[in-house]
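User: I am in my first year and would like a close look at a single part of this protein. Please take one strand and its surroundings, and then set it in the context of the rest of the chain.

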Amino acid sequence: MAKRRGVWADLQRERARRQRLEQQAYRAAAQAAKKAEREREQARRAAARQAAQDEREHKRLYIEERKAEAADLAADLQERIEELDSVLVAGVRRRPDASFASLRRTFQPPPFEPEGLDRPVPQPQWVPPRPPSAVGNLFGGRARYEREEAAARQAYERERARHAAVEADRLRLLDERRRAYDQWLATESEGIRRHNAEIDEFERQVRAGDSDAVARFFTLVLDSSPYPEGFPHRTRAIYRPEPRELVVEYELPPQSVIPAERDYKYVQTRDQIDKAARSVKEIKDRYARLIAQVALRTLHEVFAGDPVGIIEVASFNGHVSTTDPATGQPVRPCLLSVSAEKGLFSSFVLADVDPVACLKKLNALISQHPYDLEAVRPVVDFEALLSQYKFVEGMDAVAGLDSRPDLLDMKPNEFEHFTRQLFETMGMKSWVTQASKDDGVDAVAINEDPVFGGLCVIQAKRYSGPVNVEAVRALAGVMEDKHATKGIMITTSWVTKDGHAFAARHGRIQIMECEEIKYLCKEHLDLDVLIGLPKPPPKRR
């Protein structure tokens, strides 16, 4: 059971990671495009100012630039409002990507790389000395020829012996390399086989209506749904087999997700960009509409993501974690609660509904003043169900660490996510690869420096023993396949001497071992971590 729970937790974290990566990729692309456009526009304006010959032209260009800056801020603000207004429509148009097929892994091993050991060493060739001519025989040429031939024969035999020794050594190294490759291939294949067998068992349990398995699957479905920036995206789920009901407790976004600014305008007399405040009534109305969209979108994703038709009723409880302004204490009121039957809900055209009116049609309990944290009593009491059913919730690899965590206590996929967050904090864009097609890469990072940047592949090893040279060679092979400019082997233990030597010869592989990880965690994550190795790593000069 513990092993099965570990697999479910791994799957949940994988889906949460993919959702975060999808959001990050979307935001990064949008921000990069806007940044590039602004830089081009600023360059054009700078050139225009340079060309201006008098103070009046310079002032005019400056005013235009400030107005354009205010217009850019207003455009970003409008884009954010449109993004929040389309939360429901975006979810309806998006097809769920959580499926049993997507959870299974495939394995396409790289071909065996002999590194030249498959090519025999050329054999030495016998080259006899030139025989003497008839005239040379008369003056002792024959005796001299016989001496030269004997010397050449001895040199040839020495070369043959050396060749035989070199060839035997080549065949031995080739055999060792082939055995190591076959062993690695068998290990990887067995790991994939076990993982897929667990997914098959997971699917069987879901189809059989096992409450734990169903809750875990739909947690993956909901965690894979990308939302705009600022959404906590934390869920808990419980499945009740008898009524075939999925109960979802969802963390709603805070009130601050609605922009307090309505517009930006440049005031020339004060040379200042002023913010026009959004009315309190509009903020409250938009927040009520937003959480209504989230509720309907969650219900839609439950029914749309049901692979075997086991959900007949979906219930949603939306809570928000905030601070009570009257007491200063943390509170988590329920602002919205609704249950929907599949037959009725499937008849709604969600892309065209008014979210608040649609929830009233479903007899939802909606806070009269959600912005003011006025709570409602949930339709289905989630806490009351905890004594009867199991639930699933997400986690964050870094946020879950205590004051003195031991990295060796992490699960392998948790350490991969921890590595990703470390490199992101260090200023690189990074993400954990999909488990189904990672080609031996645990994470990918991009350094956007125009001179020293490029694609970097990362192999994360949560080991308590040494990492051998074969792992470093495998990383080099993946680098070549991905055309990466750099490779990083990061491990909680240490890399063998042969592994360091190979990395040094390669020239583009960096090794980060236990002590350096501790330093980086302290420097960039402000975490004082432990790595409880059974024995200290070897000291090197």
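Analyst: What follows starts with strand β2 and its partners, then turns to a helix and its aromatic rings, and ends with the chain as a whole.

The model is a predicted one. Strand β2 covers residues 245-251, and seven of its seven residues are buried. In general, the side chains of a regular strand alternate between the two faces of the sheet. In β2, E245, V247, E249 and E251 point one way, while L246, V248 and Y250 point the other way. Residues on both sides of β2 are buried, E245, E249 and E251 among them.

Which strands pair with β2? One of them is β1 (residues 235-240), which runs antiparallel to β2 and is joined to it by six bridges. Within this pairing, I238 stands opposite V247 of β2. β1 and β2 form a hairpin, with four residues between the two strands. R244 lies in that turn and has a positive phi of about 55°.

Strand β5 (residues 313-319) is also a partner of β2; these two run parallel and are joined by seven bridges. Here E251 of β2 stands opposite H319 of β5. E251 is one of the buried residues listed above for β2.

Parallel pairing also occurs elsewhere in the chain. Strand β14 (residues 486-491) and strand β15 (residues 509-512) pair in the parallel sense over four bridges, with G487 standing opposite I509 in β15. Between β14 and β15 the chain passes through helix α14 (residues 497-506), and this β-α-β crossover is right-handed.

Next comes helix α6, which spans residues 141-207 and contains both Y181 and W184. These two residues are three residues apart, about one turn of the helix. A pair of aromatic rings is described by the distance of the centres and the angle of the planes. The model has 14 aromatic pairs. For Y181 and W184 the ring centres are 5.9 Å apart and the planes are at 40°, so this pair is tilted. An angle counts as tilted if it is neither under 30 degrees nor over 60. The two residues also differ in how they are covered: Y181 has a relative accessible area of 16% and is therefore buried, whereas W184, at 30%, counts as partly exposed.

L173 is also found in helix α6. Because its relative accessibility is 32%, L173 counts as partly exposed. P114 is 59 residues away from L173 along the chain, yet their C-alpha atoms are separated by 9.3 Å.

Other aromatic rings deserve a short note. F100, F202, F217 and F218 form one aromatic cluster. Two arginines lie over ring faces: R153 over W126, at 3.9 Å from the ring centre, and R178 over F112, at 3.8 Å from the ring centre.

Finally, the whole chain. It has 15 helices and 15 strands, and 41% of its 541 residues are buried. Of the contacts with a separation of 6 or more, 70% are between residues 24 or more positions apart. The accessible surface comes to about 29,700 Å², and 51% of that belongs to carbon and sulfur atoms.

Note on methods
Residues numbered from 1 in each chain as written. Predicted model: local features only at pLDDT ≥ 70, side-chain atom pairs only at ≥ 80, totals over all residues. Heavy atoms only, no water. Buried < 20%, exposed > 50% of the residue type's maximum accessible area, 1.4 Å probe, protein only. Contact = heavy atoms within 4.5 Å. Areas by Shrake-Rupley, 256 points an atom, 1.4 Å probe, with all protein chains shown as cover. Pairing = 2+ DSSP bridges. Right-handed = clockwise from strand over helix to strand, strands pointing away. Phe/Tyr/Trp six-rings, centres within 6.5 Å; stacked < 30°, edge-to-face > 60°. Lys NZ or Arg CZ within 6 Å of the ring centre and 35° of its normal.
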